[in-house]
Amino acid sequence: MENEALLEKQFQARIDAGEVIEPKDWMPDRYRKQLIRMMSQHAHSEIVGMLPEGNWITRAPSLARKAVLIAKVQDEAGHGLYIYSATETLGIDRAQMVEQLHTGKAKYSSIFNYPTLSWADMGAIGWLVDGAAIVNQTALAKCSYGPYARAMLRICKEENFHNKQGYQILAYMMRGTKEQQEMAQDSMNRFWWPALMMFGPSDKSSPNSEELMRWKVKLHSNDDLRQRFIDRTIPQAEAIGLTIPDDKLKWDPNTRHYNFGEINWDEFYAVVAGNGPCNRERIKARVDADREGKWVRDAAIAYAKKHANSEHLAA
């Protein structure tokens, strides 16, 4: 017990000194478990996040838009792969993580349980949802766990592309017909508040933030990140003529931040608990994909084993 306490003290000293923790380094069991929870949730979000956008690939308004959306969905699959791989360095198997997602034990971002009702939603997801992700992930790129931080470097670069692509969609629509402008504003109305919820519960009710910040897995609180997102997004909305659906939104010259209305936390917790508009649909889609893709995985494993045996005999 004394040795454990000493190791934890030394570990915290490394964290406080700004050192990066690598997979073979000693770490508290709680640090490992918190990382697995957080990173697997992030990976699941990338994979589930492909679903609302994939729904619009066949209905994109032009060949160019279709090609960009396909590339974006492929990027999200890659992001999930990077983070699953980084999480496996903590001693959990990917199959375990996928099972936890399918059984509801593991969570993913609440935003992806909302439906995409129009093409404008592809713009709102790229601009608002990926914009919120960028604010969060640029901080994670400097977190204390090396594999997670390194995975964020490439992901952030690609998310910046997604963010600009989404903003461009809405900017073009706001220069279009009255119907297109109304479609863009409707999308903003539906996705604004769920995008703010992406940062998680407020600091006073977040069960994990204090511990994660002590270990420098998180460098900023949920509320600080949310405020940063709001401050950078409002001028962008104003530039293309979109109205933020918040009658309490107001610039405070003293704090140099925007004040904003109360988030509907009852809705947030209901969606996280599995009672959002598309929760069951999203999980069913992932379970079906896993089942229908089993033959591909089995074939790949059989081929790898056969190839390994051939090399062994040749040697």
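# Salt bridges, cores and spaces in a predicted model

R226 and D223 are 3 residues apart in helix α10, so about one helical turn separates them. Helices are DSSP runs of H or I with at least four residues, strands are runs of E with at least two, and both are numbered from the N terminus. The structure is a predicted model, in which local features need pLDDT of at least 70 and side-chain atom pairs count only at pLDDT 80 or more, while totals for chains, interfaces and linings use all residues. Residues are numbered from 1 along each chain as its sequence is written, and side-chain values use heavy atoms, with hydrogens and water left out.

## Salt bridges

The side chains of R226 and D223 meet in a salt bridge, with N and O 2.8 Å apart. A salt bridge here is a side-chain nitrogen of Lys or Arg within 4 Å of a carboxyl oxygen of Asp or Glu. The two partners fall in separate exposure classes: R226 is buried, at 2% relative accessible area, whereas D223 is partly exposed, at 29%. Buried stands for under 20% relative accessible area, exposed for over 50%, and partly exposed for the range in between (1.4 Å probe, protein chains only).

Across the whole structure, 20 salt bridges are found. The table sets out three of these pairs, with the relative accessible area of each partner.

| Salt bridge | N to O distance | Arg accessible area | Acid accessible area |
|---|---|---|---|
| R226 and D223 | 2.8 Å | R226, 2% | D223, 29% |
| R14 and E19 | 2.8 Å | R14, 25% | E19, 38% |
| R297 and D290 | 3.5 Å | R297, 37% | D290, 30% |

Apart from these pairs, E53, K72, E76 and D130 are joined into one network by salt bridges that share partners.

D252 is a buried acid without a salt bridge. The nearest side chain of opposite charge belongs to K250, 8.4 Å away. For this purpose Lys and Arg count as positive and Asp and Glu as negative, while His and the chain ends are not counted. D252 lies in strand β1, which covers residues 250-252. With neighbours within four places in sequence set aside, the contacts of D252 are H257 and N259; contact means heavy atoms within 4.5 Å.

## Nonpolar cores

In soluble globular proteins, nonpolar side chains tend to be buried together. The largest nonpolar core of this model contains 49 residues, and those with the most contacts inside it are W119, L128, M188, W192, F229 and L242. Two or more residues of this core come from each of α4 (63-88), α6 (120-140), α7 (146-174), α8 (178-197), α10 (222-240) and α11 (265-275). Helix α6 supplies the largest share, 9 residues. A core of this kind is a set of buried Ala, Val, Leu, Ile, Met, Phe, Trp, Tyr and Cys residues joined through side-chain atoms within 4.5 Å.

L242 shows some of these surroundings in detail: beyond its neighbours within four places in sequence, L242 is in contact with W127, L170, M174, A184, Q185, M188 and A237. A second, separate core has 29 residues, including F11, I92, I155 and V217.

## H44 in helix α2

H44 sits in helix α2, which runs over residues 29-48. The relative accessible area of H44 is 0%, so H44 is buried. Outside the four places on either side in sequence, H44 is in contact with G49, Y84, M97, V98, L101, A106, K107 and Y108. Q12 is 32 residues from H44 in sequence, and their C-alpha atoms are 29 Å apart.

## Pocket and cavity

The largest pocket has a volume of about 1,100 Å³. Its lining comprises 47 residues, of which R37, Q41, S109, M198 and G200 are the closest to the pocket centre. At least two lining residues come from each of α2, α4, α6, α7, α9 (209-214), α10 and α11. Helix α2, the helix that holds H44, gives the most to this lining, with 9 residues.

The structure also holds 1 cavity of 30 Å³ or more. The volume of the largest cavity is about 40 Å³, and its lining is made of N136, A139, L140, V217, K218, L219, H220 and L225. Helix α6 gives the most to the lining of this cavity, with 3 residues. V217 also belongs to the second core.

On a 1 Å grid over the protein atoms alone, a cavity is a set of points where a 1.4 Å probe fits but cannot get out; a pocket is an open set with protein on both sides within 12 Å along at least five of seven lines, and lining residues have an atom within 4 Å of a point. Points are joined across faces, edges and corners, and a volume is the space filled by probe spheres set on them.
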